[in-house]
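Please open the model in your viewer and keep the sequence panel beside it. The tour below moves from the whole chain to single residues, one selection at a time.

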Amino acid sequence: MRNTHPIDTAIDTHRDDLTGMADRVWGTPELLYQEKASCAEHTAMLKAKGFRVTENVAGIPTAVMGEAGQGGPVIAILGEYDALPGLSQVAGLAEPQELVKGGNGHGCGHNLLGSAALLAACAVKDWLEQTGTKGRVRYYGCPAEEGGAAKTFMVRDGAFEGTDAAITWHPDSMTRVADPWSLANTRIDFTFHGRASHAAMSPHLGRSALDAVELMSVGVNYMREHMVQDARIHYAYLDAGGSAPNVVQSKAKVRYSIRALKTSEMLALVERVKDIAKGAALMTGTTVEAKVYSAVSAMLENLTMDRTMQRVLDAIGGVPFDDADQPYAAQIQATLTPEDIALPYRIVAMKPRADTPLSDWIVPLRPGGEIMTGSTDVADVSHAVPLTQVQVATMAIGTPLHSWQATAQGKSPAAHKGMTHAATAMARCAQLLISEPDTLAAAKAEHAEHQAQDPYVCPMPEEVKAPV
């Protein structure tokens, strides 16, 4: 129940300001490392709310940190605000309609993610000041989660040093503590160099870089049978060598994304893919360069942190959607397949509920459903500091992330309710960690034990810099 806890009162004080910011960020969707307007919104809000602000964190112009409080433990709350290409969509519709032709869109809800995290930080700041409690809260505005791995660069640069614990969230269609796994991921660009020639008159003088890319694809596809079951490999042509078929392509470039549930297994696969690229170059008489574009680790579990967040969720209950929220969510569900709607239930080991557009319940901790996951740079923060992540319902059950349906719902009243609920959960969790030294100490001890058994190795090579 709201308004019976000092954190809830503080949330209500700042809610309108932050939901307004969420809508403004939705209206200026920017891609990785280009989030100038979004970062400026967050920076201005931090200053307006009285935080001590550090800009250009880790040398990244669109990363910002705000701190409040004095002494005591330091709790970080992580936000994001990058968008996705090609997902422009008119808000509030239940049919695809671009707002800007070919434009960007917040199809993963990061406009809500960053705003709720900052709202939570504001609430913790107020609680610290009003109670005179020793402790500090830090809001980290993190860019480029969608493939840019900004948090990996920030961890490597020491941006989270001195932090005792970290909390974050993600918009979803159900409310739960996120399962502690993600796929470690390296994205590598392979550039092949050959020799141009007339494809009819003198093909024997040419060495095709495009042939090398295609042979590399064949080799990787044969490798798929001989890698760990949870691994994933995808690729995209960045440069196919030109549009003229009568020219032997002298240069071609392909980006590979290589994933696995364990960072060590992912790194081993990277080396095998590199060897296949070298083999393709040998077969075609070309040369190849491999350059890491981004890399993230697999998530590190902290059961103490997750149990603390579950205590909070059980106390506050599900998102308080009302009758007015249901019709639009039902319209969105009508655009989805039965498989789309069943998927969230499968992940949490629940039977699908008919005629239920929105989730107003709390999923138990570690429900034991199917493991279906992607990659995130939040994982690297989990190796730097004890971390918990909560998923909160902001959209119709079954809404795929990275879809026009997710963008369409990003400014809805239901999304605002979910955002506020997420902020409440994160702020209450931070308040517990500051108020309960034994809980925080247990989380840090668990983290130290994991690190002793499997020390963190940054997957991002030292020579790779953020593409800013």
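## The whole chain

Begin with the entire protein chain selected: of its 468 residues, 56% are buried, where buried means under 20% relative accessible area, exposed means over 50%, and partly exposed lies in between, with a 1.4 Å probe and protein chains only. Residues are numbered from 1 along each chain as its sequence is written. Because this is a predicted model, local features need pLDDT of at least 70 and side-chain atom pairs count only at pLDDT 80 or more, while totals for chains, interfaces and linings use all residues, and side-chain values use heavy atoms, with hydrogens and water left out.

Switch to a cartoon view, in which the protein chain has 13 helices and 11 strands; these are DSSP runs numbered from the N terminus, with helices (H or I) of at least four residues and strands (E) of at least two. The radius of gyration of the protein chain is 23 Å, close to the 23 Å of the globule rule for 468 residues, so the chain is as compact as a globular protein of that length. That radius is taken over C-alpha atoms, and the rule is 2.2 Å times the number of residues to the power 0.38. If you show the C-alpha trace alone, it spans about 80 × 50 × 40 Å along its principal axes.

Of the contacts in the protein chain with a separation of 6 or more, 81% are between residues 24 or more positions apart, a contact being heavy atoms within 4.5 Å.

## The open sheet

Next, select the sheet: 7 strands form it in the order 1-2-4-3-5-11-6, with mixed pairing and an open arrangement. Two strands pair if DSSP finds at least two bridges between them. Strands of a sheet pair through backbone hydrogen bonds, either parallel or antiparallel.

Which strands are at the edges? They are strand 1 (52-55) and strand 6 (176-177), each of which pairs on one side only.

From strand 1, step across to strand 2, to which it is joined by 4 bridges in an antiparallel run; here T54 has M65 in strand 2 as its bridge partner. Strand 2 has 5 of its 7 residues buried, so it is largely enclosed by the rest of the structure.

Now add strand 4 to the selection: strand 2 (residues 64-70) and strand 4 (residues 135-142) pair in the antiparallel sense over 7 bridges. Along this pairing, A68 stands opposite V137, and G69 stands opposite R136.

Strand 3 comes next, and it pairs with strand 4 in the parallel sense over 7 bridges, with A76 standing opposite R138 in strand 4. In strand 3 (residues 74-80), 7 of the 7 residues are buried, so this strand is largely enclosed by the rest of the structure. Colour its two faces separately and you will find both covered, with V74, A76, L78 and E80 buried on one side and I75, I77 and G79 buried on the other.

## Two alanines with positive phi

Finally, which alanine is in the loop between strand 4 and helix 4 (150-156)? It is A149, a residue with a positive phi of about 55° although it is not a glycine. A149 counts as buried, at 2% relative accessibility.

The last selection is A349, in the loop between helix 9 (338-347) and helix 10 (378-384). Phi of A349 is near 60°, again a positive value in a residue other than glycine, and A349 counts as partly exposed, at 48% relative accessibility.
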